[in-house]
Amino acid sequence: MVSQFGFVLLFMIAGIFLVLLVLGIARILRPSRPNPEKNAIYESGEETEGTAHVSFNLRFYIVALIFILFDVELVLLFPWASVFGDKALFDDTKGVWAIYAGIEMFIFVFVLALGLVYAWKKGHLDWIKPSQEETNFKSPVPKELYKDINEKYA
Amino acid sequence: MEFILLIKGLIILTIFALSLGIAAYETYFERVIAAYIQDRVGPDRAGPFGILQPLADAGKLFFKEDFIPTLADKGLFIIGPGIAMLTALMSSAVIPFGDTLLIKGQYIPVQGMDVNIGILWVFGIVSLGVYGILIGGWASNNKYSLYGAIRAASQNISYELAMGITLLSVIVVTGSLSIRTIVGLQHGIDWNIFYQPVGFLIFVTCSLAECNRTPFDLPESENELVAGYHTEYGSMKLGLYLFSEYVNMFISSAIIASLFLGAYNYPGMDFVHSFLTGKLGESFGHNLATVLGILVYILKIFFFIFVFMWVRWTLPRFKYDQLMNMAWKWMMPLSIVNLIIVAAAELSPYPLLFNYIGLAIFAFLYFGSRTVYNNKKSKL
């Protein structure tokens, strides 16, 4: 007897087969005439400058770190959630179960929320906002000149 | 035993064909709906009403020349779209398309597999989906692709948290991780959306973000990043990326419909079932009622697919700081509050009533404290 998870494997094999099939058919059907121009990395029509594997904004790492913390806590909450509303346990213990499980969950979620508040307060959740700043740039071209041009070619 | 295996195999094939077929026709609906909203004609050349357009598009993608950039990581470049497609297809395994079919005295559920951790399975596979985008974007060795991929990754993980916590509040009510059980508990019109409207809204928003749909389509925002993570892709590899996006859309619509709108449950289903079995006999009547349920489910799925497309032409794209603020400063706290309210209401004798009382108390506290805070600030 194939268990339910046997079908997971079946699904996975069927999926891999489908992807390979599609790519294989495309490989047979399509033309292949590569040249250096085609194989260059696209950069809006300019010559490609260096590699793309450069360092990027550090914010993304911080978001990933905070995510890992919360995701682990989330996974720990799943088993709790599936037994919390259990009517049989509730009736057997005359409601004590609900109070214990509820308080336990409340403390856990409170710690979770506290972590969020901490990250928030520390400014880890703030993305760099584009701000408009006034510059004291003085143009050598007097304003009247623009006005004259506008009037001349109006 | 072998008979059941055969039926199961057929069901798996059908589900594959169904999710791929629906995904193909989503591209057609997308264009038709876009044309309708923008008051233009839309696709009308391939076949009557342009109904063969998806086939023409697929044919075009098959015959396109495909080149791999010299600087790209060749292996990962090919694996990327494959993973995206595979993860998209895998999650359709646990969608409960309908109730049971009665064949030769055996009840066979219309579902790829009814594992007892169904919803956790979908959640896990959807999280893996980001690898396809990340690998493809990194392997391209293109700056736009890299930015698109990083944006996609950090957006998906941010919205996944709020989605997971909302999922918890559904599980608290049903006490099971099996999607079939969750759906079964929403018999008739006892749908979860009435118990947790806030959870429903959070879940829909997060699904939009997880599918990288507008207004959350920053990974492929074409006016900043050319085409985002699939800039360097062409031919069927691009096809796999686009297709996986549409399959994901179908699956998230199906999950929303089964978690919050009761999937194949509809008001008056018991009456229909007893009427049909009474008139047409036990076996045929039962099967006909199940088919009706499947049609209702597909209608609900298409409604959500329509909403996804409708939103695309209604809301402008967010900026990145707005997107992150929304995920971490609005969705996360709101979903935690929602979880606490739902859990507390579940212990009360009237969950439905106490849910709304909880929400009202929260709204009162939030808006009250904001007014007091604003008044204080204006006095200073």
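In the predicted model, Asp44(B) and Arg45(B) join their side chains in a salt bridge, with N and O 3.3 Å apart. Asp44(B) is partly exposed, at a relative accessible area of 37%, whereas Arg45(B) is exposed, at 75%. A further salt bridge, of 3.4 Å from N to O, is formed by the side chains of Asp57(B) and Arg31(B). Because Asp57(B) belongs to helix H2 of chain B and Arg31(B) to helix H1 of chain B, this pair ties together parts that lie 26 residues apart in sequence. Asp57(B) has a relative accessible area of 26% and is partly exposed; Arg31(B), at 35%, also counts as partly exposed. Over all chains, the search of the whole structure yields seven salt bridges.

One salt bridge is found across the interface of chain B and chain A. It is made by the side chains of Asp66(B) and Arg30(A), with an N to O distance of 3.5 Å. Arg30(A) is located in the loop between helix H1 (4-29) and helix H2 (59-84) of chain A, and Asp66(B) in the loop between H2 and H3 of chain B, so the pair joins two chains. Both Arg30(A) and Asp66(B) are buried. Together with Lys237(B), these two residues are linked in a network of salt bridges.

The interface also contains five residue pairs in polar contact, with both residues at pLDDT 80 or more. On the side of chain B that touches chain A, at least two residues each come from helices H1 (2-37), H2 (53-63), H3 (74-90), H4 (118-139), H5 (143-174), H10 (235-260) and H13 (320-347) of chain B. H5(B) gives the most to this side, with 16 residues. By residue class, the side of chain B that touches chain A comprises 49 nonpolar, 14 polar and 14 charged residues. In total, the contact involves 77 residues from chain B and 67 residues from chain A. The two chains bury about 6,600 Å² between them, and 79% of this area is on carbon and sulfur atoms.

A charged residue without a salt bridge is found in helix H1 of chain B, where Glu26(B) is placed. Glu26(B) is buried, and the nearest side chain of opposite charge, that of Arg213(B), is 6.6 Å away. Leaving aside residues up to four places away in sequence, Glu26(B) touches Tyr246(B), Met249(B), Phe250(B), Ile305(B) and Met309(B).

Conventions. Residues numbered from 1 in each chain as written. Chains lettered and ligands numbered in written order. Predicted model: local features only at pLDDT ≥ 70, side-chain atom pairs only at ≥ 80, totals over all residues. Heavy atoms only, no water. Contact = heavy atoms within 4.5 Å. Buried area = accessible area lost by both parts, 1.4 Å probe. Salt bridge = Lys/Arg side-chain N within 4 Å of Asp/Glu carboxyl O. Polar contact = N/O pair within 3.5 Å; in protein donor to acceptor, adjacent residues only side chain to side chain. Helix = DSSP H or I, 4+ residues; strand = E, 2+ residues; numbered from the N terminus. Nonpolar A, V, L, I, M, F, W, Y, C, P; charged D, E, K, R; others polar. Buried < 20%, exposed > 50% of the residue type's maximum accessible area, 1.4 Å probe, protein only. Lys, Arg positive; Asp, Glu negative; His and termini not counted.
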